[in-house]
Amino acid sequence: MTAESEKIEVNCIVTGELEVNTFIISSDDSAIIIDPGGNPELIIPVVEQYENILILLTHCHYDHSGATNDLLDALPRAQYAAHPACIRDASNKDHNLCQFLMNIDYEVYNKPTFMINHREEFTCGNIKMQGIHSTGHSAGHLCYAIPTENIVFCGDLLTAEDIGRHDVPGSNLESMIIDCKTLFEQISVEATIYPGHGREISVREIKKTNPHLKKFY
């Protein structure tokens with residue numbers, strides 16, 4: 001899966017046992033890694049040549065964070081950031097669902113370079129992004145928007161066909177539907193959504209086809 005513009009390139013590597021979309025956004029000398037769920041050996045060769053490297057988590061769950069330690073150990077110049085609640089829970093095996101999802105113990109032991117709150121903007125090289133808080137799937141869940149490219153990385157908020165998982169501890173279907181509606185109020189109907197699992201989809205298509213959301217539009 002690849003999306004290209006004049007300045008920004010988006011690539012996807014499917015990683016980990018639960019097949020998470022690990023997105024790599026690159027431009028010039030900078031690369032952002034979103035949700036390194038596993039398989040660091042696939043991610044490192046793609047990003048190691050970049051001068052600026054930033055690892056972002058949309059949320060704390062193990063299937064989206066499982067390669068974080070390995071990447072930060074292998075790429076000492078890489079930065080690491082997420083919402084404060086995500087940082088807190090990713091570092092706690094009782095909250096990052098590693099046991100619930102995979103029956104293993106895992107904690108992100110690295111400290112964040114910085115934290116991202118709702119509507120905060122941040123940069124990695126010439127890539128400018130904004131965090132949009134959506135709490136229905138897990139505390140500290142952020143969607144990441146690149147307004148200049150009209151694209152949003154939504155983690156487990158939704159998929160092309162449905163809402164994201166709401167059967168895991170801390171998730172709530174009604175809250176996730178509200179999160180989706182709130183997100184769509186802040187982005188263009190022409191925006192492309194890149195989910196944490198499965199294919200990308202436009203906001204326009206979501207409004208027409210998503211069984212939980214089309215009734216509102």
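**Contacts, cores and one residue of a predicted chain**

User: How do you know what share of the contacts in the chain between residues at least 6 apart in sequence join residues at least 24 apart?

Analyst: Contact means heavy atoms within 4.5 Å, and among contacts between residues at least 6 apart in sequence, 55% join residues at least 24 apart. This is a predicted model, in which local features need pLDDT of at least 70 and side-chain atom pairs count only at pLDDT 80 or more, while totals for chains, interfaces and linings use all residues. Residues are numbered from 1 along each chain as its sequence is written, and side-chain values use heavy atoms, with hydrogens and water left out.

User: Why is Leu173 called partly exposed?

Analyst: Buried means under 20% relative accessible area and exposed over 50%, with partly exposed in between (1.4 Å probe, protein chains only); Leu173 has 25% relative accessibility, so Leu173 counts as partly exposed. Leaving aside neighbours within four places in sequence, Leu173 is in contact with Ile163, His166 and His212.

User: What makes the chain as compact as a globular protein of its length?

Analyst: The secondary structure comes to seven helices and 13 strands (DSSP runs, H or I of at least four residues for helices and E of at least two for strands, numbered from the N terminus). The radius of gyration, taken over C-alpha atoms, is set against a globule rule of 2.2 Å times the number of residues to the power 0.38; the chain has 16 Å, close to the 17 Å that the rule gives for 217 residues, so the chain is as compact as a globular protein of that length.
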